[in-house]
Every structure is written in structure tokens, then in C-alpha cells.
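Notebook open, coffee ready. I want to look up a few things in this structure and jot down what I find.

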Amino acid sequence: MVMRKTHPDRAAGEKDIRSAKKPDLTEKQYRFGFLIVPNFTLIGFASATEPLRMANMVAKSKRYQWLTISADGQAIRASNGVQVLPDYSIETAPPLDALFVCGPNPIPLTGDQALIAWLRK
């Protein structure tokens, strides 16, 4: 009978991570929408999209896709004055895995009713 010695840092029966199958990073792609509204904070938008870009770079694939959406598809000015031309309007946006709303600071107490109705869908 041969007894196998367990590594001192590993519990009995625990698998060695070196032999574990590596995940297939190409199996699913994710599409994230960023709804930008007038006077949105650009730093919030950039803080969300840059990690996605860097993750794609590390994975050497386009696993994460992001697109910008505005209520009417027209250019939106950020709080710092930068104007952004969105990829889609709320009427033409494709299906998304997740939607992030990039709004102003402070957040207004009232909003665009058509936009609110679209968000509730």
C-alpha cells in the first residue's frame, strides 16, 4: 500500500490548483450599456470602462463590450464640458447584459419621464 503525503499547506482531498482546468475566457461575451445624461460625471464613466478595456487587453480578446446611450442619441455634455456622441438612443439600443446610468452630481430630484419609463422596462 502506497500512502500519498499531503502538502502541509493543503487540506487532505484538496485539489492542486496547478492541475485545475483553466477557464475558457472566449466562451461568453458581455455587452454593457452606459446611459449618459446631461451633466454626467466623466470620471464615473471612465472608472467603469477602463477596467473593461484592460480586462480585454489581459484576456487578449473582446470579452467585454461597452456602448453609450442617450435619451435621443444626440451628443451629451459631461460636467467637465467634454461632449460625448453616444452610440445609440434609448430607442435603438441593442439588448444588454447590464446597464449603468452615468448621472450628474448632485442627482436631480426630477427626471425625464420617457427615460424613466425606458429604464423600468
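Where does L119 lie? I looked it up, and L119 lies in helix 2. Helices here are DSSP runs of H or I with at least four residues, strands are E runs of at least two, and both are numbered from the N terminus.

Ground rules before I go on. This is a predicted model, where local features need pLDDT of at least 70 and side-chain atom pairs count only at pLDDT 80 or more, while totals for chains, interfaces and linings use all residues. Residues are numbered from 1 along each chain as its sequence is written, and side-chain values use heavy atoms, with hydrogens and water left out.

**Entry: the surface patch**

I checked how covered L119 is: at 37% relative accessibility, L119 counts as partly exposed. (Buried means under 20% relative accessible area, exposed over 50%, and partly exposed in between, with a 1.4 Å probe and protein chains only.) L119 also joins L99 and V101 in a nonpolar patch on the surface, with about 220 Å² of accessible area together. A patch takes residues with over 30% relative accessible area and no salt bridge; nonpolar side chains (Val, Leu, Ile, Met, Phe, Trp, Tyr) are joined within 5 Å, like charges within 9 Å. A salt bridge would be a side-chain nitrogen of Lys or Arg within 4 Å of a carboxyl oxygen of Asp or Glu. The areas come from the Shrake-Rupley method with a 1.4 Å probe, and for residues only the protein chains shown count as cover.

**Entry: aromatic rings**

How many aromatic pairs does the structure hold? I found six. Rings of Phe, Tyr and Trp (its six-membered ring) pair if their centres lie within 6.5 Å; planes under 30 degrees apart are stacked, over 60 edge-to-face, and the rest tilted.

I looked at F34 and F45: their ring centres are 5.5 Å apart and the planes sit at 90°, so I wrote down edge-to-face. This pair links distant parts of the chain, since F34 is in strand 1 (residues 30-36) and F45 is in helix 1 (residues 42-59), eleven residues apart. Both F34 and F45 are buried.

Next I tried F34 with F100. Here the centres are 5.2 Å apart and the planes are at 15°, so the pair is stacked. It also links distant parts of the chain, with F100 in strand 6 (residues 98-102), 66 residues from F34. Is F34 buried or exposed, going by its relative accessible area? F34 is buried, at 1%. F100 has 40% relative accessibility, so it counts as partly exposed.

Stepping back, I noted one aromatic cluster formed by Y30, F32, F34, F40, F45, Y64 and F100.

**Entry: K28 and R63**

K28 lies over the face of Y30, at 4.9 Å from the ring centre. (That needs NZ of Lys or CZ of Arg within 6 Å of the ring centre and within 35 degrees of the ring normal.) The backbone oxygen of K28 is reached by the side chain of R63 at 3.2 Å. My rule for a polar contact is a pair of N or O atoms within 3.5 Å; within protein, one must be able to donate a hydrogen and the other to accept it, and residues adjacent in sequence count only if both atoms are side-chain atoms. R63 is buried, with a relative accessible area of 14%.

**Entry: backbone oddities**

I found a cis peptide bond from N105 to P106, with omega near 10°. N39 is not a glycine, yet has a positive phi of about 70°.
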